[in-house]
Amino acid sequence: MSETVSTDLRELDALVVGAGFSGLYMLHRLRNTLGMSALVLEAADDVGGTWYWNRYPGARCDSESYFYSFSDRLSEDLLEEWTWSERFAGQPEILRYLQTVADRFDLRRDIRFRTTVTAASWDDDAGRWLVDTRDGERFAARFLVTAVGCLSTTNLPEFPGRDSFRGDSFHTGLWPHEGVDFTGKRVAVIGTGATGVQLIPEVAQEAAHVTVFQRTPNYDIAGGNHPVTPDFDRKIKDDYPQIWARTRETAFGFPYDVADRTALSVPEEERREIFEEAWAKGGFRLGTTFNDLLLDEDANETAAEFLRNKIRERVDDPEIAEMLAPKDHPFFTKRPPLENGYYETYNRDNVTLVDVNKSPIEAITPAGVRTADGEYEVDSIVYATGFDAMTGTLFKLGIRGRDGLTLAEKWAEGPRSYLGIATHGFPNLFMITGPQSPSVLSNMPVSIEQHVDWVAGCLRHLREQGVARIEPTREAEDGWVAHHDEVTATTLLPRANSWWVGANIPGKHRSLYPYVGGVGTYRGICDDVAAKGYEGFTLSRADVAAA
């Protein structure tokens with residue numbers, strides 16, 4: 001049914017939601033490559049996505065800077081000119097990089113900042129999306145692309161009395177742009193995931209006391225961050241063609257692959273040496289030392305115990321060390337944070353660790369945090385409690401497909417997509433790094449580029465063939481969901497209560513949200529679908545759609 005809309009409705013070929021890595025690259029492809037009329041709607045007042053909002057102390061990427069960026073697919077010149085200052089770049093530098101990309105390619109003129117999407121409805125008669133914003137504007141677009149990121153809707157637990165606290169409260173994902181001075185303050189940090197691991201050492205250096213409330217300890221891996229030397233920078237730039245080729249082929253989008261050997265196929269001493277070498281290199285290399293760490297529990301335990309021993313070596317108090325040493329889930333079944341001095345922080349006199357499994361948080365009081373064992377009086381509370389990952393922001397957009405069905409209603413029992421990029425009943429909708437694509441099980445910029453390039457190729461094909469609508473078939477969607485679940489079942493990933501499976505959000509359907517089949521494998525599947533004329537999609541020509 002077609003809606004009656006005002007005559008001043010702005011008509012576009014494509015509308016993109018979000019101006020982070022994926023939104024910027026999508027806009028560039030739509031406008032500069034395809035010559036389409038396109039607009040990006042962004043809630044923030046600048047580009048950056050997650051790197052705009054996450055400004056907490058210590059915030060940095062966990063992929064190495066030189067491949068946590070746009071590849072030669074965007075610009076060889078920019079690769080040559082941009083030099084990262086650190087191996088793992090901090091938030092301010094990544095934000096400057098994205099601002100540079102926006103300026104260099106003149107993208108800002110087609111980005112509407114401070115604009116929040118409140119609804120997006122498919123008009124089946126007109127074959128277009130009608131998108132409403134909080135300030136009352138409405139846009140119409142033939143194609144809708146969500147580029148909202150996988151970690152963009154904050155998770156703030158509903159602790160009783162949360163609003164009664166008299167001090168200052170902060171969430172790591174919505175950090176004040178002016179920064180926060182914790183000098184002389186008593187600070188509670190709730191959560192020890194990636195943001196907590198990065199933030200806690202920084203806050204402990206200035207606060208009078210830090211009380212950390214930990215639910216689940218993580219297998220934190222040595223980051224090994226250091227400045228980028230001129231020699232290293234030159235070597236990387238000379239090797240970029242090979243580096244990008246490797247990132248597109250490997251399992252996780254890194255320029256190094258998982259070793260072709262099993263953990264128990266080598267003697268214990270040799271295995272320990274392999275782990276030590278990976279530990280010394282830093283980053284996620286420890287997870288790529290053997291090819292069965294995510295498949296075999298005994299193999300996984302060898303890496304898990306290696307990491308637990310590293311914790312015991314670095315934490316002075318044996319009781320605290322055991323509290324920090326995970327024992328309830330296999331290694332890498334949660335995304336392991338990279339740490340730089342995190343464990344040593346617990347050797348400080350001004351840091352206290354509270355195990356909320358043994359002493360649960362009962363309430364937030366006007367004076368602080370009350371657990372089953374007593375009350376901790378603090379001046380500030382930091383919620384390092386993560387995000388409603390993968391689906392949280394998609395649902396907030398109020399997307400309604402054919403016959404008024406909302407995306408949240410369709411996915412009430414978990415995501416159902418084709419390739420993690422489209423879903424039946426929602427024509428002309430593309431989701432960049434959506435659920436059931438590699439997304440957060442990969443180096444994000446590599447997966448973002450793959451999705452954007454695939455969408456751009458698809459739109460070019462539709463234009464050349466005179467196609468007005470594209471939508472995955474129910475059968476193709478069912479097949480992809482079955483494949484996704486089958487691959488998931490071969491791994492240990494469902495064993496952990498992680499945000500990867502939605503366990504951090506009360507009532508959220510539990511399933512593995514990203515695709516674990518591997519970046520290179522997934523790319524091959526998507527390329528094959530395209531080569532076969534977008535097999536699994538229903539394509540409707542303009543004249544048929546109009547009829």
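Reader: Which residues of α6 are buried?

Author: Happy to start there: in this predicted model, the buried residues of α6 are D233, I236, K237, Y240, I243, W244 and T247. What covers them includes α3 (76-81), α12 (444-465) and α14 (519-531).

Reader: Where does helix α6 bend?

Author: Helix α6, residues 230-247, bends at Y240 by about 65°. A proline, P241, follows within four residues. Y240 is also one of the buried residues of α6.

Reader: What makes the contact between D46 and R108 a salt bridge?

Author: Their side chains meet at 2.6 Å, N to O. The cut-off is 4 Å between a side-chain nitrogen of Lys or Arg and a carboxyl oxygen of Asp or Glu, so the pair qualifies. D46 sits in the loop between β2 (38-41) and α2 (50-53), and R108 in the loop between α4 (91-104) and β3 (111-112), so the salt bridge ties together parts 62 residues apart in sequence.

Reader: Why is D46 called buried?

Author: Its relative accessibility is 14%, and buried means under 20%, so D46 counts as buried.

Reader: And why is R108 called partly exposed?

Author: R108 has a relative accessible area of 28%. Partly exposed lies between the 20% and 50% cut-offs, so the label fits R108. R108 also meets D103 in a salt bridge, at 2.6 Å, N to O.

Reader: How do you know that R186 and D379 form a salt bridge?

Author: Their closest N and O atoms are 3.0 Å apart, and the limit is 4 Å, so the pair counts. R186 belongs to strand β8 (residues 186-190) and D379 to the loop between β15 (374-377) and β16 (380-383), 193 residues apart.

Definitions and conventions. Residues are numbered from 1 along each chain as its sequence is written. This is a predicted model: local features need pLDDT of at least 70, side-chain atom pairs count only at pLDDT 80 or more; totals for chains, interfaces and linings use all residues. Side-chain values use heavy atoms; hydrogens and water are left out. The bend at a residue is the angle between axes fitted to the seven residues ending there and the seven starting there. Helices (H or I, at least four residues) and strands (E, at least two) are DSSP runs, numbered from the N terminus. Buried means under 20% relative accessible area, exposed over 50%, partly exposed in between (1.4 Å probe, protein chains only). Contact means heavy atoms within 4.5 Å.
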